[in-house]
Amino acid sequence: MCGIVGLFIKDPALEPELGKLTAAMLATMSDRGPDSAGFAVYGKGQKGHSKLTLRSKSAAAMKETAKRIGREFGKAEITLHDTHAVVSIDDKSLPRLTSWIAKESPETELVGSGKRMALFKEVGRPESVTERFGLETMSGTHAIGHTRMATESAVTTDGAHPYSTGSDQCLVHNGSLSNHNNLRRVLAREGLKIETENDTEVAAGYLTWRMREGKSLGDALKVSLDDLDGFYTFVVGTENGFGVLRDGIACKPAVMAETDQYVAFGSEYRVLAGLPGIEKARIWEPEPATVYFWER
Amino acid sequence: MPEIDLGTTPLRELNAALHRLSPDTNESHWIVDHPEGRHAIAAGLAVPITVEINGPVGYYCAGMNKLATVLIHGSAGVGVAENMMSGFVHVTGDASQSAGATGRGGLLRIDGNASSRCGISMKGIDIVVKGSVGHMSAFMAQAGNLVVFGDAGEALGDSIYEARLFVRGKVKGLGADCIEKEMRDEHKQALHNVLERAGFDGQIDPDEFKRYGSARKLYNFKVDNAGAY
């Protein structure tokens with residue numbers, strides 16, 4: 001089944017509430033996905049700096065790795081979130097940091113990178129996952145999130161969404177793809193590294209590949225309608241907003257709401273019921289096979 | 001008049017109370033507040049009562065309805081009034097996918113738009129949509145009337161059996177074995193009757209609608225073979 005949520009703030013006064021509202025939306029979606037949860041939050045960026053999200057097997061291991069990064073890269077700002085850490089570092093030192101991680105701490109995974117995106121995911125009830133990472137206190141302009149009920153691959157942190165598709169970009173998915181094994185071979189031939197057996201990672205890799213060929217995200221989503229076989233609702237987080245795409249049959253649910261303060265996405269209306277001013281919001285279902293973007 | 005606030009009363013308590021009612025109950029008008037998109041509100045009603053719901057409902061609201069009147073002041077999620085047997089369900093907002101799916105009887109009125117697969121596999125229900133319906137509406141529809149004041153999406157009436165489809169606006173595309181048919185007086189009368197029951201008596205001109213139905217080429221029933229069944 002799975003549940004997906006997205007919240008894009010239009011009114012800066014609401015930005016401090018982003019984490020709190022997103023956490024409540026994910027908690028409501030526990031019914032659709034009790035196995036694991038994940039989310040990406042687009043917070044403040046710092047000019048000339050990049051943001052990396054790292055993940056270790058345990059909070060203790062992450063703490064230890066963060067200490068080592070601190071010793072090696074004095075100027076890096078590191079914020080610990082349970083098994084994850086967000087590292088802000090000047091762009092010049094970035095390549096040295098990524099190669100240092102690969103060499104000196106190969107068990108640490110780089111789950112996302114960009115200017116503004118921080119990306120978290122873990123196995124467990126969505127309420128407890130968001131609490132462990134402290135989502136409620138996070139602020140920002142937009143966030144997307146996912147609650148998982150596994151169908152195509154095992155319940156593991158690697159199988160949880162979102163999946164990074166590029167700098168400041170990630171994908172969450174409700175549905176399942178039927179041709180992911182074949183596509184995985186195509187992507188491997190094209191030199192993309194797909195780490196897991198998960199179908200959504202293949203979709204993320206597919207978008208990365210198409211954008212590497214020079215397509216815009218919107219065009220990459222459009223051609224995915226021809227190449228991805230299955231049923232899906234995708235929400236893609238970008239540096240400036242998010243995009244939504246449903247397959248042509250559109251049997252996976254999607255409801256959107258818009259007010260002067262925000263644009264919100266949910267697998268079901270229940271997700272949106274707690275948002276401020278929802279009684280007066282414009283509410284609609286996105287059309288099948290149509291790419292939508294909300295950006296600023 | 002019982003008034004239930006779903007913000008404080010568990011949904012199962014409401015539905016259990018509605019299911020306990022006898023046909024001659026004096027508690028014949030219920031108000032439900034703060035539905036907030038919860039699923040299966042007022043599903044499985046079997047007595048002639050009225051339930052008014054103030055706000056948007058989730059999946060399968062008024063599903064399997066028999067005899068009851070369910071008024072939804074808001075929008076409805078997937079499968080509103082699915083498998084309805086009789087009675088009346090009225091949605092003042094939009095309805096999501098599969099509204100009135102497999103319905104056997106009764107009347108479903110939607111004041112806004114209905115999403116894809118409206119009236120899928122309908123088996124005798126009448127559905128009136130003031131707005132438009134999405135793709136694959138009336139898929140494998142068997143009996144009953146689907147009336148659409150607005151437009152219909154792709155593949156209307158795909159693999160249709162004997163249901164009647166009346167659309168006033170544009171049809172994006174017809175599904176397999178679904179064709180436009182002549183609008184004879186008997187059809188105008190049937191449409192008039194459905195509109196009257198839905199509360200549109202005299203407001204809507206049946207002449208403005210086109211009728212669609214089965215070409216009867218896909219399902220191979222031949223009346224000459226009736227004895228074989």
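This passage describes a predicted model with chains A and B, covering confidence, domains, the chain contact, one helix and one glycine.

Residues are numbered from 1 along each chain as its sequence is written, and chains are lettered from A, and ligands numbered from 1, in the order in which they are written. Because the model is predicted, local features need pLDDT of at least 70 and side-chain atom pairs count only at pLDDT 80 or more, while totals for chains, interfaces and linings use all residues. The model scores ipTM 0.88 and pTM 0.92. For chain B the mean pLDDT (the predictor's confidence in each residue, from 0 to 100) is 96, and 96% of its residues reach 70 or more.

Chain A is divided into domain 1 (3-44 + 124-295) and domain 2 (46-115), with bounds that come from an automatic or database domain assignment. The C-alpha centres of these two domains of chain A lie 24 Å apart. Their contact (C-beta atoms, placed from the backbone, within 7 Å) takes 9 residues from domain 1 and 8 residues from domain 2 of chain A. The side of domain 1 that touches domain 2 has 3 nonpolar, 3 polar and 3 charged residues; here Ala, Val, Leu, Ile, Met, Phe, Trp, Tyr, Cys and Pro count as nonpolar, Asp, Glu, Lys and Arg as charged, and the others, Gly among them, as polar.

Between the chains, the contact takes 12 residues from chain B and 9 residues from chain A. The side of chain B that touches chain A has 2 nonpolar, 8 polar and 2 charged residues.

Helix H2 of chain B comprises 13 residues, 185-197; helices (H or I, at least four residues) and strands (E, at least two) are DSSP runs, numbered from the N terminus. Its expected span (1.5 Å times one less than its number of residues) is 18 Å, which agrees with the 18 Å between its end C-alpha atoms. Leu191(B), Val194(B) and Leu195(B) are the buried residues of H2(B), burial requiring 20 or more other C-beta atoms within 10 Å of a residue's own, exposure 12 or fewer, and partial exposure a count in between. These buried residues fall within an arc of 100° (taken from the directions from the helix axis to the C-beta atoms), so they line one face of the helix. They pack against strands E7 (123-129), E8 (143-148) and E9 (164-167) of chain B, whereas Asp185(B), Glu186(B) and Gln189(B) are exposed on the other side. Gly199(B), with a positive phi near 95°, follows H2(B).

In chain A, Gly140(A) is placed in the loop between helix H4 (126-133) and strand E8 (142-148). Gly140(A) is buried, with 20 other C-beta atoms within 10 Å. Not counting residues up to four places away in sequence, Gly140(A) touches Glu15(A), Leu18(A), Val41(A), Tyr42(A) and Gly43(A).

Key: Two residues are in contact if their C-beta atoms, placed from the backbone, lie within 7 Å.
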